[in-house]
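Visitor: Can you walk me through this structure? Short answers are fine.
Guide: Sure, have a look first.

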Amino acid sequence: MQFEPGAADQHIADLARAAARDHLTPRAARTDAGIFPRENIAALGQLGLLGIKIDPTFGGLDGSNLAYVLAIRELAGACASTTVTVAVTNMVADMIARFGTDEQKQRHLAKLVSGEYLAGSFALSEPSAGSDAASLQTRAERRGDDWVLNGNKLWITSGDVAGVTLVMAKTDANKGSRGITAFLTEPGMPGFSVGRHEDKLGLLGSSTVSLAFEDVVVPDSARLGALGQGFEVAMTALDGGRCGIGAQAIGMGYTALRETSRILTARAARDKALGTEQNALFRLADMALRLDAAWLLVQRAAWLRDQGKKMTKEAAMAKVAATEAANFACQTAMQLAGPDAFDAGSTIARVWRDVRVSRIYEGTSEIQRLVIARSLAAGL
Ligand SMILES: Cc1cc2nc3c(=O)[nH]c(=O)nc-3n(C[C@H](O)[C@H](O)[C@H](O)COP(=O)(O)OP(=O)(O)OC[C@H]3O[C@@H](n4cnc5c(N)ncnc54)[C@H](O)[C@@H]3O)c2cc1C
């Protein structure tokens, strides 16, 4: 196993680090005030960071999965709201590149990757189908050369701003997960509407909405992948997405660690007893230990995907380890830094709020544990 970044991976990580420093960090407080980060998206689009794994003919960086997690970690350390938007766009672009027809790639990829679309969105979850995604109720019925979509999606990141949405719908109610098909919908389609904007605890600069499809006519040319392949499309997206969520969490965890070190060092300069007591040092060390161990799992999962190997179990391990390590780090940071961190505008307060959802979305920690245990039982 070899996941030392090569020169090309490192170049992408360096691009992301510079973009985080020049664009995301200066706007992080404003984005956290609930302002969608359009300027960040435009800057990242110019750099190719909205299509990290996409072919350069469409403006992407042709990067590896390892490069992807390195870049996402850098971006999330500066602004998680921007990063979640960027990660879903990358995920949708990746699925179009993997499963799309030439026509679909020509229609969407350059616009997604450049930022012209602002974002892509991924619509799987529904009011009664989140953890149990295969029980989704949105249906697509064949009508001549078209499909007619009806149903509701909930908690959809960037669903109101996306130029293209990857929607999972039932095309055969009798076939369970094999009766699900993926479609690419666009905002102007009659019958498509955006509902409630979620009022969230964190990720305040990212937009999360419900979507309604009422007799939305979608041409068969907008079907992504084969009939009945939608669940496979969704799970392929989530295997990669879970590495990305792990990397996001680690980025935030390290920001919490760095901020805490900075605050304790400043405190030690004022009052040695307060800044250097063993309790604080041990807890800082624990933050670093857990983050580093989890980061290795994230890199392993990304590396396995680069080798074309099945990595569903490893992606689940990476996500649960990274998100729990990062939540521990942010929680510990809040305690060690004390009032400095409890200030609503502090960086620690922001990552403490933003990191919490990483244990919930793209499969909760409980669901990841089920995936791990079932993979073990199946001898994988
Ligand atoms: C900010 C945000 C952004 C999101 N963005 C998107 C998006 O872009 N696209 C999208 O499709 N979805 C998105 N989601 C939805 C997200 O993926 C789901 O909320 C998540 O998968 C959990 O599903 P649920 O909401 O139905 O919760 P539930 O499934 O109702 O889970 C509630 C609790 O029950 C537990 N639980 C459920 N089933 C089991 C089980 N079998 N065993 C043990 N415990 C169980 C869960 O672990 C959790 O603790 C987003 C959610 C949030 C909060």
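Visitor: Which classes do the residues of the shell around the ligand divide into?
Guide: The shell divides into 12 nonpolar, eight polar and three charged residues. Ala, Val, Leu, Ile, Met, Phe, Trp, Tyr, Cys and Pro count as nonpolar, Asp, Glu, Lys and Arg as charged, and the others, Gly among them, as polar. One caution: this is a predicted model, where local features need pLDDT of at least 70 and side-chain atom pairs count only at pLDDT 80 or more, while totals for chains, interfaces and linings use all residues. Numbering runs from 1 along each chain as its sequence is written.

Visitor: How many residues surround the ligand, and which are the closest?
Guide: There are 23 around the ligand, and S125, G130, S131, T364 and E366 are the closest. A residue counts as near if its C-beta atom, placed from the backbone, lies within 6 Å of the molecule.

Visitor: Which elements supply at least two residues of that shell?
Guide: β1 (120-123), β3 (146-157) and α12 (365-377) each do. Helices (H or I, at least four residues) and strands (E, at least two) are DSSP runs, numbered from the N terminus.

Visitor: Why does the ligand lie between domain 2 and domain 3?
Guide: Because both domain 2 (121-228) and domain 3 (231-377) give residues to the shell around the ligand. The domain bounds come from an automatic or database domain assignment.

Visitor: And how is the chain divided into domains?
Guide: Domain 1 covers 7-118, domain 2 covers 121-228 and domain 3 covers 231-377. The centres of domain 1 and domain 2, taken over C-alpha atoms, are separated by 22 Å. Their contact takes 25 residues from domain 1 and 18 residues from domain 2. Two residues are in contact if their C-beta atoms, placed from the backbone, lie within 7 Å.

Visitor: Which elements give two or more residues to the domain 1 side?
Guide: On the side that touches domain 2, they are α1 (7-32), α4 (80-99) and α5 (102-114). α4 gives the largest share, 11 residues. By class, that side has 14 nonpolar, eight polar and three charged residues.

Visitor: Switching to the largest nonpolar core. Which residues touch the most other members?
Guide: A71, F183, V298 and A322, out of 127 residues in that core. Helix α6 (residues 230-270) gives the most to this core, with 16 residues. A nonpolar core here is a set of buried Ala, Val, Leu, Ile, Met, Phe, Trp, Tyr and Cys residues joined through C-beta atoms within 7 Å. Buried means that 20 or more other C-beta atoms lie within 10 Å of a residue's own; exposed is 12 or fewer, and partly exposed is in between, with C-beta atoms placed from the backbone.

Visitor: What is A322 in contact with?
Guide: Leaving aside neighbours within four places in sequence, G246, A249, I250, A294, W295, L297 and V298.

Visitor: Where is L297 found?
Guide: L297 is in helix α8 (residues 278-306). L297 counts as buried because 22 C-beta neighbours sit inside 10 Å. Beyond four places in sequence, L297 is in contact with M317, A318, A321 and A322. L297 and A280 are 17 residues apart in sequence and 26 Å apart in space, C-alpha to C-alpha.

Visitor: F183 was on that core list. Is strand β5 covered on one face or both?
Guide: Both. I180, A182 and L184 on one side and T181, F183 and T185 on the other are all buried.

Visitor: In what sense do β4 and β5 pair?
Guide: Antiparallel, over six bridges. K170 has I180 in β5 as its bridge partner. β5 also pairs with strand β8 (residues 223-224) in the antiparallel sense, over two bridges. There, R223 in β8 is the bridge partner of F183. Strands pair if DSSP finds at least two bridges between them.

Visitor: How many bridges join β3 and strand β7?
Guide: Nine, in the antiparallel sense, with β7 covering residues 208-219. L149 has V216 in β7 as its bridge partner.

Visitor: Last topic, backbone angles. What is phi of S158?
Guide: Phi is near 65°, a positive value in a residue other than glycine. S158 is in the loop between β3 and β4 (164-170).

Visitor: Is S158 buried or exposed?
Guide: S158 is buried, with 26 other C-beta atoms within 10 Å. D62 also has a positive phi, about 50°, and is not a glycine. D62 is partly exposed, with 16 other C-beta atoms within 10 Å.
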